[in-house]
Amino acid sequence: MAVLFPSNYFLLSFWFFLGFWIIYQAFGAFGAVVNIDKPIESSIELVGVSGLVPVLALAPGPGVASRPAFNLLVRIDNDHILDRHREGGSVKVSYAGVPLAYGSIPSFRLGAREALTVAVNATSEAAGVPEDLLRLMAAEQRMGVAQLEIGMQLGGPGRESYSWSVDL
């Protein structure tokens with residue numbers, strides 16, 4: 001049976017450390033598991049539009065104002081090994097850079113590797129959609145290129161922001 005001297009313990013520890021360092025660098029698996037700062041993944045689906053589509057079909061004339069409302073489904077995925085909590089958030093629906101409607105997302109807690117689907121009703125509190133914007137929307141919808149820009153802010157200013165372009 002061999003006797004290990006202090007220098008042998010040093011060499012054994014060195015080779016042990018070197019082996020783990022090589023595995024860590026080569027595969028990066030440990031780094032991927034420990035990284036908990038990865039943002040939450042999300043997607044959005046436009047389920048319904050009201051107060052806007054009939055106006056587009058009528059080719060609006062002077063004095064026509066609409067108060068649009070958008071029904072959205074927001075899916076939030078937590079692929080982390082830890083629970084995630086957010087203090088709610090907000091959703092803004094825009095067209096050509098002009099805000100049309102706003103909605104809110106309630107506070108939520110997601111367990112490890114869980115998903116959540118939230119129904120959001122974004123409505124307009126303003127006087128309506130400008131007539132020029134309605135004409136632009138109608139023209140782009142006839143060409144099949146009309147798209148809404150939807151932005152979501154989770155947790156408050158400076159936290160997590162997401163944005164999508166959705167066909168109208």
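Colleague: Let us begin with aspartate 77: is this residue buried or exposed?

Modeller: The class is read from the relative accessible area, and buried means under 20%. Aspartate 77 has a relative accessible area of 18%, so this residue is buried. Please keep in mind that the model is predicted.

Colleague: Where does aspartate 77 lie, and which residues does it touch?

Modeller: Aspartate 77 belongs to strand β2, which covers residues 69-77. Setting aside residues up to four places away in sequence, aspartate 77 touches Ile40, Glu41, Leu110, Glu114 and Ala115.

Colleague: With which side chain does aspartate 77 form a salt bridge?

Modeller: The general test is a distance: a side-chain nitrogen of Lys or Arg within 4 Å of a carboxyl oxygen of Asp or Glu. Here the side chains of arginine 75 and aspartate 77 meet in a salt bridge at 3.2 Å, N to O. The two side chains also make a polar contact, again at 3.2 Å. As to exposure, arginine 75 counts as partly exposed because its relative accessibility is 38%, whereas aspartate 77 is buried.

Colleague: How many salt bridges does a search of the whole structure find?

Modeller: The search finds three. Another of them joins glutamate 160 and arginine 86, whose closest N and O atoms are 2.3 Å apart. This pair links distant parts of the chain: arginine 86 lies in strand β3 (residues 84-86) and glutamate 160 in strand β9 (residues 160-167), with their positions 74 residues apart in sequence. Both glutamate 160 and arginine 86 are buried.

Colleague: In which helix do arginine 135 and aspartate 132 lie?

Modeller: Both lie in helix α4, three residues apart, which is about one turn of the helix. Arginine 135 forms a salt bridge with aspartate 132, and the closest N and O atoms are 2.3 Å apart. Aspartate 132 counts as exposed, because its relative accessibility is 54%. Arginine 135, with a relative accessible area of 41%, is partly exposed.

Colleague: What else can be read in helix α4, for instance at glutamine 141?

Modeller: Helix α4 spans residues 131-143 and includes glutamine 141. At 30% relative accessibility, glutamine 141 counts as partly exposed. One may also compare sequence separation with spatial separation. Glutamine 141 and leucine 168 are 27 residues apart in sequence, and their C-alpha atoms are 7.3 Å apart in space.

Colleague: How should one read contacts over such separations for the whole protein?

Modeller: One takes the contacts between residues at least 6 apart in sequence and asks how many span a long stretch of chain. In this protein, 67% of them join residues at least 24 apart. The elements are four helices and nine strands. From the N terminus on, their order is α-α-β-α-β-β-β-β-β-β-α-β-β.

Colleague: Which residues have the most contacts inside the largest nonpolar core?

Modeller: They are Phe70, Leu72 and Val93, in a core of 31 residues. Valine 93 can serve as the example. Leaving aside neighbours within four places in sequence, its contacts include Phe70, Leu72, Val98, Leu100, Leu148 and Ile150. For the protein as a whole, 31% of the 168 residues count as buried.

Colleague: Which residues form a nonpolar patch on the surface?

Modeller: Phe10, Leu11, Phe14 and Trp15 form one, with about 480 Å² of accessible area together. Tryptophan 15 is part of helix α1, residues 6-27. This tryptophan 15 counts as exposed because its relative accessibility is 56%. The protein exposes about 10600 Å², and carbon and sulfur atoms supply 61% of that area.

Colleague: Finally, the backbone: what is the phi of alanine 96?

Modeller: Alanine 96 has a positive phi of about 55 degrees, although it is not a glycine. Its place is the loop between β4 (89-95) and β5 (98-105). With 48% relative accessibility, alanine 96 counts as partly exposed.

Colleague: In which loop is arginine 113 placed?

Modeller: Arginine 113 is in the loop between β6 (108-110) and β7 (115-123). This residue is not a glycine either, and has a positive phi of about 55 degrees. Arginine 113 counts as exposed, because its relative accessibility is 57%.

Notes:
Residues numbered from 1 in each chain as written. Predicted model: local features only at pLDDT ≥ 70, side-chain atom pairs only at ≥ 80, totals over all residues. Heavy atoms only, no water. Helix = DSSP H or I, 4+ residues; strand = E, 2+ residues; numbered from the N terminus. Polar contact = N/O pair within 3.5 Å; in protein donor to acceptor, adjacent residues only side chain to side chain. Contact = heavy atoms within 4.5 Å. Buried < 20%, exposed > 50% of the residue type's maximum accessible area, 1.4 Å probe, protein only. Core = buried A, V, L, I, M, F, W, Y, C linked by side-chain atoms within 4.5 Å. Patch = residues over 30% accessible without salt bridge, like charges linked within 9 Å, V, L, I, M, F, W, Y side chains within 5 Å. Areas by Shrake-Rupley, 256 points an atom, 1.4 Å probe, with all protein chains shown as cover.
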